[in-house]
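Got your viewer open and a hand on the mouse? Let's take a walk through this structure, one selection at a time.

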Amino acid sequence: MPFEIRQLRYAIAAADHGSFYRAARALDIEQSTLSRNILRLERAIGMPIFERSRSGVTTTLAGGTFLRSAKPMVATADNMVAMMRAAGQGRAGGLKLGHNSSVSAGNLRATLMSWHEAHPGVEVDCVEADRSVLLAGLDTGEVDMAILMGAAGHNGFRCETLWSERMLVALPASHALAERDLIHWTDLRSERFHLPVADPGPEMRDMLLGRLSVSGTKPDIRMTQTSRETVLSILGGSSGVSIVCEGSTGAHYPDVVYRPIHGEQGPALIGYSGCWRDENSNPALRRFLGFIKARYALSFDFPPRFE
């Protein structure tokens, strides 16, 4: 293209103000700079854009047509620059988040909703998968950040504690314990638990083994090759129970109720961790980390490239 966007911008300003002097003042440049660039533009397109007089400037017939076509070009260029600046600041672009737990309720869902409201220009793509798959995605760069139930740690990744949520027991509505407002771990020692093999089933199993194993007797835990949704969907017609995190309680299943679990120290809680690669240069990830840190008053520091 034989001319510059800047020259178009100068010419449009001159046409709008009817004066090179007033246009230069509005653009905060020297009048000589503006007039020189407009003259170069006219030479480049091979025709005069303005008729010049002592009282100012007016567009020629062809010049007016040319500038009407130029305005969308300048607006498009401005939008492109604004978009790139926003992307560089993490206010636009994309962010790929992985998680291994439900988002029907709880802190993760609330965080995603609040983030979307505050950053509508960032397209968030969520990936729900097992821990191993998400960590592999971090390694290849297909996932920017993995939010995992339970403690997380892996060589090569930055992992930090984010928040905690209550643990609840899912019961058939006809179960004797369903009449209570809360359940203690000791109330569950004789129950049969149904958990999915996929995440977060193994995390729940390990918690049950730690909480309920007494005198060498292990709790009755059945790991099934189904999703947690299927486990809960058929729970209402069985005599067993299941364990869920607070983030799963936004989904309701026929004849199934949720009751919070308490231990000796109060409500049973499980922590969530966030993992990412320090070398990830996605500005949206940097802004998301700052958003989470502020929202939950966390104390972790960003690595130098995130500051």
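Start by selecting Glu142, which counts as exposed because its relative accessibility is 54%. This is a predicted model, so keep that in mind at each stop. Glu142 sits in the loop that runs between α6 (131–140) and β5 (145–149). Now show what surrounds it: leaving out residues up to four places away in sequence, Glu142 touches Lys96 and Gly137. Draw a line from the C-alpha atom of Glu142 to that of Lys96 and you should get 7.4 Å, for two residues that are 46 residues apart along the chain.

Next, pick a residue in another loop. Is Gly247 buried or exposed? Gly247 is buried, since its relative accessible area is 1%. You'll find Gly247 in the loop between β10 and β11. Show its contacts, again skipping neighbours within four places in sequence, and you'll see Ser102, Val103, Ser104, Ala105, Gly106 and Glu165. Then add Gly150 to the selection: Gly247 and Gly150 are 97 residues apart in sequence, and their C-alpha atoms are 13 Å apart in space.

Stay in that loop and move along to Asp255, which also lies between β10 (242–245) and β11 (256–263). Asp255 counts as exposed because its relative accessibility is 53%. Check its backbone too: phi is positive, about 60 degrees, although Asp255 is not a glycine.

For another backbone stop with a positive phi, jump to Asp28. Its phi is near 60 degrees, and this residue is not a glycine either. Look for Asp28 in the loop between α2 (20–27) and α3. With a relative accessibility of 71%, Asp28 counts as exposed.

You're now right beside a helix pair, so select α2 and α3 together. Their axes come within 8 Å of each other and cross at roughly 110 degrees. That angle is why α2 counts as roughly perpendicular to α3. The crossing is right-handed. To see where they meet, show Phe20, Tyr21, Ala23, Ala24 and Leu27 in α2, along with Gln31, Leu34, Ser35 and Ile38 in α3. Colour that contact by class and you get 7 nonpolar residues, 2 polar and no charged.

Keep α3 (residues 31–45) on screen, and swap in α1 (residues 5–17) as its partner. These two helices pack at an angle of about 110 degrees, with axes 9 Å apart, so α1 and α3 are roughly perpendicular to each other. This time the crossing is left-handed. On the α1 side, the contact is made by Arg6, Gln7, Leu8, Tyr10, Ala11 and Ala14, and on the α3 side by Thr33, Leu34, Asn37, Ile38, Arg40 and Leu41. By class, the contact of α1 with α3 has 7 nonpolar residues, 3 polar and 2 charged.

One more pair: select α5 (residues 106–118) and α9 (residues 283–295). What angle do they pack at? It is about 120 degrees, with their axes 11 Å apart, and α5 and α9 are therefore oblique to each other. α5 passes α9 in a right-handed crossing. The residues to show are Ala110, Thr111, Ser114, Trp115 and Ala118 from α5, with Ala284, Arg287, Phe288, Phe291, Ile292 and Arg295 from α9. The contact of α5 with α9 is made up of 7 nonpolar, 2 polar and 2 charged residues.

Now head for the inside. In soluble globular proteins, nonpolar side chains tend to be buried together. Here, the largest nonpolar core has 43 residues, and those with the most contacts inside it are Met145, Leu188 and Ile243. α9 gives the most to this core, with 6 residues. Apart from this core lies another one, of 20 residues, which includes Ile12, Phe20, Ile38 and Val74.

Zoom in on Ile243 and show what it contacts. Leaving aside neighbours within four places in sequence, the list is Met167, Leu168, Val169, Phe193, Leu195, Met204, Leu208 and Ile261.

Last stop: select Asp199 and Pro200, which are joined by a cis peptide bond with omega at about 5 degrees. Pro200 is in the loop between β8 (192–196) and α7 (201–212).

Technical notes. Residues numbered from 1 in each chain as written. Predicted model: local features only at pLDDT ≥ 70, side-chain atom pairs only at ≥ 80, totals over all residues. Heavy atoms only, no water. Axes fitted to C-alpha atoms, helices over the stretch in contact; angles between N-to-C directions. Helix = DSSP H or I, 4+ residues; strand = E, 2+ residues; numbered from the N terminus. Parallel < 35°, antiparallel > 145°, perpendicular 65-115°, else oblique. Left-handed = near helix turned anticlockwise from the far one by under 90°. Contact = heavy atoms within 4.5 Å. Nonpolar A, V, L, I, M, F, W, Y, C, P; charged D, E, K, R; others polar. Core = buried A, V, L, I, M, F, W, Y, C linked by side-chain atoms within 4.5 Å. Buried < 20%, exposed > 50% of the residue type's maximum accessible area, 1.4 Å probe, protein only.
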